[in-house]
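Biologist: I have a chain open and would like to go through it with you. Can we start with the overall layout and then look at the charged residues?

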Amino acid sequence: MKKITLVIAMFAMAMASSAQYTGHKFFDNWSIGVEGGVSSNLHDWDTPNGAVAGINFTKGITPVLSLEFQLQAGFNDDANWNWGAKSSNVIDNASIYANTKINLMNWFGGYKGAPRFFEIQARGGVGYTRFFWPSFNGITTDSSNDLNRCNFKLGLDFDFNIGEQKAWTISLRPAVVLKTSRDNDIVRGNPGIGMPVVCDNDSYCNAYGHNAIAQITAGVTYHFKTSNGTHYFTEVKPVEVTKVVEKTVEKPVEKVVEKVVEKVVTKNVGNGVTVEFALNKATLTNTAKAKLNTIDKNATVVIDGYASPEGSKAYNQKLSQRRCDAVKAYLVDRGVKVADVNAHGAESAESQRIVYVTIK
């Protein structure tokens with residue numbers, strides 16, 4: 001029960017990393033790879049080595065967790081399984097595997113928004129193997145049960161992510177493959193008719209080491225482009241979320257209905273200028289900036305800001321303050337001294353979207 005709980009916890013941790021990254025559509029983070037290498041029996045290293053080759057299809061679930069579908073063929077490696085005879089076939093066996101891959105670097109070191117140059121992944125899964133055995137004088141060297149086996153595979157991937165876009169990966173992939181049944185069901189050979197003696201010692205044949213082989217392959221993988229424009233998961237930048245929140249807060253709670261005003265009514269400010277704003281805006285227009293440019297840079301001014309009566313009293317007060325701040329910032333940037341700033345909100349039904357700048 002503890003082991004099951006640990007596996008569930010590990011899977012949850014791997015899945016949790018997807019919360020802060022983009023590129024999770026079904027067709028995102030797929031890759032295809034090819035590999036080739038050698039294999040040898042773990043129990044008898046003097047057994048002749050065989051060759052293996054395969055093709056891999058991988059789907060990235062999170063920066064930590066991936067699922068891999070693998071097709072693999074064995075060449076001249078019957079002896080690696082201690083069958084005692086080499087097949088005359090080009091391909092001695094064919095296997096399929098369903099593997100789970102855990103990126104150890106991203107799990108323990110955290111994902112940095114892009115793949116590292118060097119990464120280590122743990123890989124494990126189950127598979128099915130079909131053997132193609134030779135025959136001697138019409139008599140096969142195996143029983144029918146030997147033709148199909150389920151396997152377990154465990155291994156590590158040492159990955160080098162190359163290229164500016166990290167679209168390619170070169171890997172070194174050592175692994176161990178364990179056959180689920182032992183060799184005690186092999187039909188014994190008969191040298192008199194040309195059949196090799198596969199095994200003549202039950203304790204030797206029953207050793208599990210005879211049913212496990214070591215593989216070491218090298219491969220290259222291409223990562224297809226994702227919907228986020230890259231070849232990998234990308235990090236959601238916190239600043240983008242902040243901007244959305246700020247824009248939401250700035251919107252008034254109440255619905256603003258614009259009144260049709262033929263002409264903005266202003267008062268005579270004497271020695272100064274009047275700056276007009278659009279409805280619910282605190283941004284200086286080019287016309288407003290032109291008016292403020294007429295004020296001498298060595299002048300000292302007082303700023304009074306207003307808002308039209310649409311919206312609540314509290315909101316109008318904040319809006320008039322923002323308009324005053326916009327005018328003050330522009331004048332101070334020009335060198336004008338601002339002696340006082342007063343935000344009045346909407347004082348009456350006749351109040352307008354105006355800031356008065358009075359020169360002292």
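Modeller: What follows goes from the fold to the charged side chains. Keep in mind that this is a predicted model.

Biologist: How many helices and strands are there in the protein chain?

Modeller: The protein chain has 6 helices and 16 strands. Of its 360 residues, 40% are buried.

Biologist: And what share of the contacts join residues at least 24 apart?

Modeller: Taking contacts between residues at least 6 apart in sequence, 71% join residues at least 24 apart.

Biologist: Which strands close into a barrel, and in what order?

Modeller: There are 8 of them, in the order E2-E3-E4-E5-E6-E9-E10-E11, with antiparallel pairing. From one strand to the next, the twist averages 25 degrees.

Biologist: Take E2. How many bridges join E2 to E3, and how many join E2 to E11?

Modeller: Strand E2 covers residues 30-41 and is joined by 10 bridges to strand E3, residues 50-60. Towards strand E11, residues 212-223, there are 11 bridges. Both pairings run antiparallel.

Biologist: I'd like a residue to click on for each. What is the bridge partner of Gly-33 in E3, and what stands opposite Val-38 in E11?

Modeller: Gly-33 has Asn-56 as its bridge partner in E3. Val-38 stands opposite Ile-216 in E11.

Biologist: Then E4 and E5. How many bridges there?

Modeller: Strand E4, residues 65-75, and strand E5, residues 93-103, are antiparallel and joined by 10 bridges. To find the register, look at Gln-70, whose bridge partner in E5 is Tyr-97.

Biologist: What holds such pairs together in general?

Modeller: Strands of a sheet pair through backbone hydrogen bonds, in a parallel or an antiparallel way.

Biologist: On to the charges. How many salt bridges do you count?

Modeller: The count comes to 6 salt bridges. One of them is between the side chains of Glu-68 and Arg-173, at 3.0 Å from N to O. Glu-68 belongs to strand E4 and Arg-173 to strand E10 (residues 168-179), so this pair ties together parts 105 residues apart in sequence.

Biologist: Are Glu-68 and Arg-173 buried or exposed?

Modeller: Glu-68 and Arg-173 are both buried. Arg-173 counts as buried because its relative accessible area is 6%, and the limit for buried is under 20%.

Biologist: What does Asp-157 form a salt bridge with?

Modeller: Asp-157 forms one with Arg-173, where the closest N and O atoms are 3.0 Å apart. That pair links strand E9, which holds Asp-157, to strand E10, which holds Arg-173, across 16 residues of sequence. The side chain of Asp-157 also meets that of Lys-101 in a salt bridge of 3.1 Å, N to O. Here the link runs from Asp-157 in strand E9 (residues 148-162) to Lys-101 in strand E5, 56 residues apart.

Biologist: Why does Asp-157 count as buried?

Modeller: Because its relative accessibility is 0%. Lys-101 is buried as well.

Biologist: Which residues do the shared partners join into one network?

Modeller: Glu-35, Glu-68, Lys-101, Arg-123, Asp-157 and Arg-173 are joined into one network by salt bridges that share partners.

Biologist: Change of topic. What about the open sheet, which strands form it?

Modeller: The open sheet has 4 strands in the order E13-E16-E14-E15, with mixed pairing. Its edge strands are E13 (272-276) and E15 (337-343), each of which pairs on one side only. Ignoring direction, neighbouring strands of this sheet are turned by 15 degrees against each other on average.

Biologist: In which sense do E14 and E15 pair?

Modeller: Strand E14, residues 300-305, pairs with E15 in the parallel sense over 6 bridges. Within that pairing, Thr-300 stands opposite Lys-337. Helix H6 (residues 313-334) packs on the sheet and touches E14, E15 and strand E16 (354-359). The direction of H6 makes about 170 degrees with that of E15.

Biologist: Arg-334 is in H6. What is the nearest side chain of opposite charge?

Modeller: That is Asp-296, 7.5 Å away; Arg-334 is buried yet has no salt bridge. A salt bridge needs the nitrogen within 4 Å of a carboxyl oxygen.

Biologist: What does the side chain of Arg-334 have at 3.2 Å, then?

Modeller: A polar atom of the Arg-334 side chain lies 3.2 Å from the backbone oxygen of Leu-292. Beyond neighbours within four places in sequence, Arg-334 is in contact with Leu-292, Asn-293, Ile-295 and Lys-297.

Technical notes
Residues are numbered from 1 along each chain as its sequence is written. This is a predicted model: local features need pLDDT of at least 70, side-chain atom pairs count only at pLDDT 80 or more; totals for chains, interfaces and linings use all residues. Side-chain values use heavy atoms; hydrogens and water are left out. Two strands pair if DSSP finds at least two bridges between them. Helices (H or I, at least four residues) and strands (E, at least two) are DSSP runs, numbered from the N terminus. Axes are lines fitted to C-alpha atoms, for helices over the stretch in contact, and angles run from 0 to 180 degrees between N-to-C directions. Contact means heavy atoms within 4.5 Å. Buried means under 20% relative accessible area, exposed over 50%, partly exposed in between (1.4 Å probe, protein chains only). Lys and Arg count as positive and Asp and Glu as negative; His and the chain ends are not counted. A polar contact is a pair of N or O atoms within 3.5 Å; within protein, one must be able to donate a hydrogen and the other to accept it, and residues adjacent in sequence count only if both atoms are side-chain atoms.
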